Amino acid sequence: MVGMSVLRSAAAFAARLSPLKSGNNAANLLSRAVPRADKVAVRWGHGKKMFVIKPTDFYDRRFLRLLQFYILLTGIPVAVIVTCVNVFVGEAELVETPEDYEPEYWEYYKHPITRWITRTFYDSPVKDYEKMMAAIQIEKEKADMRLTQLEVRRQMRSKGDGPWFQVETLNKELIDYSHKSNPDN
Amino acid sequence: MPTDYDKGAYPEPPRQTPVVDKQTALPNPAVILSKLFYYSVDLPVTTFRDAVDSIRSKNRPVYFHQKFRRVPDLTECQRGDYLCYYEAEMQWRRDYKVDQEIVKVVQERMRACHQREGSSYQQNCSNEIQQFTEVTHNFQSRYGDLGAYASGRKCLMKQKERMIAAQAQTA
């Protein structure tokens with residue numbers, strides 16, 4: 001064991017003497033103190049920093065790079081499309097409605113993209129109005145039916161001549177019509 | 001180019017270009033700067049605009065004002081006729097929007113007049129100011145404190161209160 005350390009220190013001394021020889025680099029020696037005079041950062045006061053030690057910014061820069069990529073992936077096509085639409089198909093001009101011409105519901109909007117959206121995805125406002133009116137009509141009929149049902153209930157309970165609120169009487173054949181001996185039979 | 005604004009409602013102020021009376025041979029720096037601005041900014045922008053307009057004018061869409069038919073008011077609806085209520089309510093909402101835009105237009109005219117006249121606006125724009133105060137008083141009395149959930153019924157009730165107050169005042 002002592003012989004190992006002597007050999008190691010001898011190899012370190014040899015490395016110090018001739019650092020550029022191939023067998024003399026630090027990985028071979030497994031020793032602690034091998035000053036490599038050609039690869040150490042030499043600081044001469046305020047010179048240019050050769051080896052700046054800072055915490056990693058790999059993850060931050062990767063995040064920003066990916067953010068940029070995914071935003072521009074759809075952002076650039078959208079910008080190109082909107083620019084082309086504005087340059088080649090401009091905004092609409094306001095004109096008087098010509099006689100006996102019923103404009104389509106999308107022809108009431110100015111910007112061509114708005115017109116396209118209302119034409120492709122939305123129902124016409126007339127249809128929406130009619131749908132709302134239909135819903136109101138259904139609810140009105142339901143409410144009217146409920147009111148009439150309450151009224152009918154009231155009438156049938158009070159008058160008793162309708163099909164509701166009929167109570168089944170007992171069987172008439174069970175009545176004993178024979179003469180009784182005293183009134184309590 | 002889109003149609004120009006209404007020149008009657010927004011009159012241009014009288015031109016105050018001074019008469020050029022050059023007494024020196026030195027160049028006028030204002031002229032130099034204006035020519036510089038013209039060639040560097042005005043001309044490119046105008047040519048770009050003309051180019052884009054010439055491309056656009058080939059397939060230019062048009063749009064129209066939507067005209068709505070008048071339907072019976074809330075006062076002319078039978079009791080319990082919910083369809084009539086709905087139509088009256090929609091008509092009231094459209095009228096509310098139109099009235100808001102009217103107030104905005106009148107306000108815009110008054111502000112333009114103020115800008116034109118400068119410090120003597122109270123004298124010179126008395127027409128616009130009077131129109132604006134009248135329109136805003138009417139708007140306030142009709143739609144004033146109805147709030148965000150305003151409806152035709154609430155407006156009608158407000159009108160009823162106004163009429164009662166007017167009657168109480170005259171009586």
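User: Which side chains meet in a salt bridge?
Analyst: In this predicted model, where local features need pLDDT of at least 70, side-chain atom pairs count only at pLDDT 80 or more, and totals for chains, interfaces and linings use all residues, side-chain values use heavy atoms and leave out hydrogens and water. The side chains of Arg60(B) and Glu93(A) meet in a salt bridge at 2.9 Å, N to O, the term standing for a side-chain nitrogen of Lys or Arg within 4 Å of a carboxyl oxygen of Asp or Glu. Residues are numbered from 1 along each chain as its sequence is written, while chains are lettered from A and ligands numbered from 1 in the order in which they are written.

User: How many salt bridges are there between chain B and chain A?
Analyst: The count between the two chains is 1 salt bridge.

User: What does Glu93(A) stand opposite?
Analyst: Glu93(A) stands opposite Val62(B) in E1(B); strand E1 of chain A, residues 93-94, runs parallel to E1(B) and is joined to it by 2 bridges, where strands are DSSP runs (E, at least two residues), numbered from the N terminus, and two strands pair if DSSP finds at least two bridges between them.

User: OK, and how much area do chain B and chain A bury?
Analyst: They bury about 2,400 Å² between them, with 64% of it on carbon and sulfur atoms, buried area being the accessible area (1.4 Å probe) that two parts lose on being put together, summed over both. Tyr63(B), Phe64(B) and Tyr86(B) supply 35% of the area that chain B buries against chain A, more than any other three residues.

Definitions and conventions. Helices (H or I, at least four residues) and strands (E, at least two) are DSSP runs, numbered from the N terminus.
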